Every structure is written in structure tokens, then in C-alpha cells.
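Thanks for coming. I have one structure to go through today, so let me put it on the screen.

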Amino acid sequence: MKRISLLALFGLLLSGLLLAGCGGEENKAEETAGAEQALPVLKIGSISPLTGPYSADGNDIANGVRAAIDVVMAQGGIEGFSDIRLFAEDTACDPKQAVAAANKLISEEVVGVVGAYCSSSTIPASATLDPEGIFTITPGSTSPKVTERGLQYMFRICGRDDHQAPAAVKFMTDYLDAKTIFIVDDKTTYSQGLAEEVSMNCEKVGIQVLAHDHVNQGDKDYSAVLTKVRQANPDVFYISLQNSATGALMLLQAKRMGIEAQCMGQDAVFHPQLIEIAKEASEGACLTFGYTDTSTDTYKVFQEANAKYGQVGAYSAYAYDSAMSLFNAIRAAGSTDPAKVRAAMMELDFQGASKRVKFQPNGDSGSDYVVFKVIEGQLVPFWNPRTGELF
């Protein structure tokens, strides 16, 4: 009996030691898992028109950010963070809704925001975000006012109207040998501002502005203004509208009315949707947009990542580079402290998907406008204002 008791006691002690050993390993695993879970999530936002007439460009912007997040996470993420989460907010290109979206993102404690699309949304939204030390990096707002307000955390990847207009007018003079122009805009901050820049530059070089007329956002019938265009018979019919869908309607109706002027648009009208809607009526139309070298490795990585979310839109690569600028700066700073990240932003110099990214003191990254032309149903680079030569 005594021997059996000793054997039983030994068995109990051995079992206890084994259990203790197993429990120790479990505790270590739990501690490791707990440490991993303790890493914060990096929160960023996007603000763009996800609904309404500008939703094609707005969703392209949000998807460009998603593509950037996927690429960064596939590369191992950002040290110190377990994940990157996007909060995509809708502005509908409405200034009040843009401010509401900005305030919502402040409450979510995002470190930066990619957006907006319309300058009329970016300006008030960034004024709301900047005092909170939250970055605004716009992929699509071209009004000079965006980066001329002295905001510390306002940056821009796309170009500016006061650079786009001279590029367009240089094409009119040097390539088209245009003498007259008829300008139409839709009264938005962006569209009207760019139209005025074009008008001013035309006057400087001697192109006669026969008229500068306006339509309203949401109009479907442009016969009244197009009748004026046909009667004026300009060399160039310049269309400054807020999106490609309305630009397509304008081209369709201009074609039906027999307008023979060279139709020319700007970067908001530049989108594959323009051709999808206008079809043959878009053939031969010229548009200014930033030049992107699609042969670079960076563009190919972006293109592959963006394919998950649909076709590459006009502002997809700009949005991707906007997000990548923020991620690269956070990595370089080793922190999300606004002052440190801003200092790192100013030191960035990298090949993005859309362009070479290097920020100027005011937050701009430079303009690289060229003239595209719709040829056989494709938007192709056509003329370079820097060289005065065809591509």
C-alpha cells in the first residue's frame, strides 16, 4: 500500500510539472499575442464625391487610396502599426458636406486625409483639418487658392489651374494657330476659375475671346449656349466643366448641332467615362491633364493593385501617390507627430505612380500638363507644351 501511494504521489507531481510547463508556454503565447494586439491601427481618411454627378472621380480617389494601403501592407506594413484603416467619406462636392466629413474624420482620429476632388470642398475641409494637425493631400483640386492660404498641413499632388491654362493656350497658339475662342464653364469654383485663367492667357497672346458663357450644374440641355457657339463660329470651343459626364453631354450635343470648332477640355473632363458616354462625338477632342509615364515599375505596381477596385480613373494614380506620400513620411519620421511628419514630407523625393513626387515649400508638387487627344476611342498623349512637339 505504501509503494502504491508513493507511485501515485510521483505521478501527481509529474502531471503537475507537465501542466505547469504547458501553462507557461500558453502564457508566453498569450503575452506575445497581447503585445501584437496592442499595436495601434493607423487611421487615414479620404473625402471625395462618392455619390452624385462627380462620383466616378470620387470613387476613383477612394480606390486609389485602397490600392496604396494594399501595396504597403503587402510590403510588411508600417512599423509600429498592426494595420492601416481607411475611413472614406462622401462630400458630393458640397462645401458644407465636406466640412461635416472633415469633422467626422477628426472624431475618428485620422492622421491624414486624401482629398478632396472639388476645390470648393478641399478649401473648407482643409481649413477644418489643419488646426487639428491633420494632413490634407489633394489628388484633384487645382485651384491656386488651395495651397496659397499658409496652411501647414495642406499638400497637393495634382497640378494647378494657373499652370494648366498656359499649357492649353500654348497649344492653341503654337499647334492650332487659333485666333478666336468661345469659353463655357459651369460656375463652380474650379471650373470658373480655370476658365478665367484661360481667358486671361488668351488675351495675353492675342486670341480673341468671343464670349465667356455659363451653364448650370445638373443641366441636361445645352442647346441655348451651343446655339451661341455655332453662331460665333470660333476656332476653339473651350469646355470647363466639373466632370466628364457633363463634358460628354456637351460634346454629344455640339456634334449634333454641327459645331466644327476644335473642342478642348480640362482635367475634370478627362476620364474614360467621357468616351464611354460620348462615343464618336468625343473623337478628336483635346484635353489637358498631367503626364504619367505608364512604363515605370511604380505605375505597374499601382495598376495591378488598383485592378482589384476597377479601371484606372483620371485621379486614381494621384490618389495613390497622395496616400503613399503620407505613408512614406510616417515611415521616415518614425512617428505620427504632425510636425515630424511634415518635416519628413518636405524631404520626400520619390518616383510615384503618377509623377516624381517632391513637395515645394507651399505644399505643391509641381505641374506636368500635356495635351491629350481622343484618337480611335482612346485618350492618348498628343502634344507636349514644354517641347512644342507631338508625342
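I will take the two sheets in turn, then the cysteines, and finish with a pair of helices.

Please keep in mind that this is a predicted model.

Let me start with the five-stranded sheet. It is open, and its strands come in the order β2-β1-β3-β4-β5, with parallel pairing. At the edges are β2, residues 83-90, and β5, residues 154-156, each of which pairs on one side only. Direction ignored, neighbouring strands here are turned by 25 degrees against each other on average.

For one pairing in detail, take β1, residues 41-48, and β3, residues 112-115. These two run parallel and are joined by four bridges. Ile44 has Gly112 in β3 as its bridge partner.

Now the helices on this sheet. Helix α2, residues 55-74, lies across β1, β2 and β3, and it runs at about 175 degrees to β2. Helix α4, residues 119-129, also packs on the sheet, where it touches β1, β3, β4 and β5. The direction of α4 makes about 160 degrees with that of β4, residues 135-138.

One residue on the edge strand is worth a look: Leu86, which sits in β2. Is Leu86 buried or exposed? Its relative accessibility is 17%, so Leu86 counts as buried, the cut-off being 20%. What is Leu86 in contact with, once neighbours within four places in sequence are left aside? The list is Ile44, Gly45, Ser46, Ala62, Val65, Arg66 and Ile69. Ile44 we have just met as the partner of Gly112. Ser46 is 40 residues from Leu86 in sequence, yet the two C-alpha atoms are 7.2 Å apart.

Next, the eight-stranded sheet. This one is open too, with mixed pairing and the order β7-β6-β8-β9-β10-β13-β14-β15. Its edge strands are β7, residues 208-214, and β15, residues 389-390; each of them pairs on one side only.

Where does an antiparallel pair occur? Strands β10, residues 286-290, and β13, residues 369-375, pair in the antiparallel sense over five bridges. Within that pair, Phe289 stands opposite Val370 in β13. On the helix side, α7, residues 223-232, packs on the sheet and touches β6, β7 and β8. The direction of α7 makes about 175 degrees with that of β6, residues 180-185.

I want to stay on β8, residues 236-240, for a moment. Five of its five residues are buried, so β8 is largely enclosed by the rest of the structure. Both faces are covered: on one side are Val236, Tyr238 and Ser240, on the other Phe237 and Ile239, and all are buried. On either flank the pairing is parallel, with five bridges joining β6 to β8 and four joining β8 to β9, residues 262-265. Phe237 takes part in both: Phe182 stands opposite Phe237, and in β9 its bridge partner is Cys263.

That brings us to the cysteines. How many disulfides does a search of the whole structure find? It finds one. Cys93 and Cys118 form it, with their sulfur atoms 1.7 Å apart. The torsion about their S-S bond is about 80 degrees, so the disulfide is right-handed. Cys93 lies in the loop between β2 and α3, and Cys118 in the loop between β3 and α4, so the pair ties together parts that are 25 residues apart in sequence. Both ends are buried: Cys93 has a relative accessible area of 11%, and Cys118 is at 2%.

Why is Cys158 not bonded to Cys118? The sulfur of Cys118 is the closest cysteine sulfur, but at 12 Å from that of Cys158 it is too far for a bond. Cys158 counts as buried, at 3% relative accessibility. Cys286 is in no disulfide either; its nearest cysteine sulfur belongs to Cys263, 9.3 Å away. Cys286 is buried as well, with a relative accessible area of 2%.

Last item, a helix pair. The axes of α10, residues 297-306, and α11, residues 316-333, come within 11 Å and cross at roughly 105 degrees. That makes α10 roughly perpendicular to α11. At the contact, Val301, Phe302 and Asn306 in α10 meet Ser316, Ala317 and Tyr320 in α11. By class, the contact has four nonpolar, two polar and no charged residues.

That is what I have; questions are welcome.

Terms used. Residues are numbered from 1 along each chain as its sequence is written. This is a predicted model: local features need pLDDT of at least 70, side-chain atom pairs count only at pLDDT 80 or more; totals for chains, interfaces and linings use all residues. Side-chain values use heavy atoms; hydrogens and water are left out. Axes are lines fitted to C-alpha atoms, for helices over the stretch in contact, and angles run from 0 to 180 degrees between N-to-C directions. Angles under 35 degrees count as roughly parallel, over 145 as roughly antiparallel, 65 to 115 as roughly perpendicular and the rest as oblique. Contact means heavy atoms within 4.5 Å. Ala, Val, Leu, Ile, Met, Phe, Trp, Tyr, Cys and Pro count as nonpolar, Asp, Glu, Lys and Arg as charged, and the others, Gly among them, as polar. Two strands pair if DSSP finds at least two bridges between them. A disulfide is a pair of cysteine sulfur atoms within 2.5 Å. Buried means under 20% relative accessible area, exposed over 50%, partly exposed in between (1.4 Å probe, protein chains only).
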